[in-house]
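Subject: Structure handover

Dear colleague,

Please find the structure below, for your files. My notes on what turned up in it follow directly after.

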Amino acid sequence: LSPHDPFIVRTAIHCIALLSLEHCDDAKERFIELHLPSKLYDLFYSEQIDRSTGEAILLFFANVLHTREEVQSRIMKGIEVIPMLLSAKEMDFSAHTNTRCLSALLSLSRVPSFRRMVISHL
């Protein structure tokens, strides 16, 4: 990232995190079509973002995982979302972020095909 990119990236990711609150499945499908989950996952672990941006990325994942099993499966394809959601507590993010991440883990654990994955990380 160039010196001016962090502000633009932070602003864009915060906007995306807010958009992820939409309950419309079309919005979540569009996120997947744009490969946002994998791009945000890579950015989260790139060490090129600040704390606020990392928290917004976690909120994005926590919000979009409150959906149907098919969409959850497409979002999680090829990325390790569960350890990422669990990292919210270690990174000392806000209580709201921790609650949303735990709620997303609960949502995942209700799906039989994801239950073992969630339990194996606890």
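I begin with the cysteines. Cys24 has a relative accessibility of 35%, so it counts as partly exposed, that class lying between 20% and 50%. Please bear in mind that this is a predicted model. Cys101, by contrast in accessibility, is buried, because its relative accessible area is 1% and the cut-off is under 20%.

Neither residue is bonded through its sulfur to another cysteine: the structure holds zero disulfides. For Cys24, the nearest cysteine sulfur belongs to Cys15 and is 18 Å away. For Cys101, the nearest is again that of Cys15, at 19 Å. A disulfide would need the two sulfur atoms within 2.5 Å, so Cys24 is in none, and for the same reason Cys101 is in none.

Next, the aromatic rings. Searching the whole structure gives four aromatic pairs. One of them joins Phe31 and Phe60, with ring centres 5.3 Å apart and planes at 70°, so this pair is edge-to-face. The contact links distant parts of the chain, as Phe31 sits in helix 2 and Phe60 in helix 4 (residues 51-64), 29 residues apart. Phe31 and Phe60 are both buried. Another edge-to-face pair is made by Tyr41 and Tyr45, with 5.1 Å from centre to centre and 65° between the planes. Here the two partners fall into separate classes: Tyr41 is buried, at a relative accessible area of 16%, while Tyr45 is partly exposed, at 42%. Ring pairs also tie Phe31, Phe60 and Phe61 into a cluster.

Last, the backbone. Which residue in the loop between helix 2 (25-33) and helix 3 (36-44) should you look at? The residue is His35, which has a positive phi of about 60° although it is not a glycine. His35 is partly exposed, with a relative accessible area of 48%. Asp92 is a second entry under this heading: its phi is near 60°, again positive in a residue other than glycine. Asp92 lies in the loop between helix 6 (81-90) and helix 7 (95-109). With a relative accessibility of 60%, Asp92 counts as exposed, because the cut-off for that class is over 50%.

That is what I have on the cysteines, the rings and the backbone.

Regards

Methods:
Residues are numbered from 1 along each chain as its sequence is written. This is a predicted model: local features need pLDDT of at least 70, side-chain atom pairs count only at pLDDT 80 or more; totals for chains, interfaces and linings use all residues. Side-chain values use heavy atoms; hydrogens and water are left out. Helices (H or I, at least four residues) and strands (E, at least two) are DSSP runs, numbered from the N terminus. Buried means under 20% relative accessible area, exposed over 50%, partly exposed in between (1.4 Å probe, protein chains only). Rings of Phe, Tyr and Trp (its six-membered ring) pair if their centres lie within 6.5 Å; planes under 30 degrees apart count as stacked, over 60 as edge-to-face and the rest as tilted.
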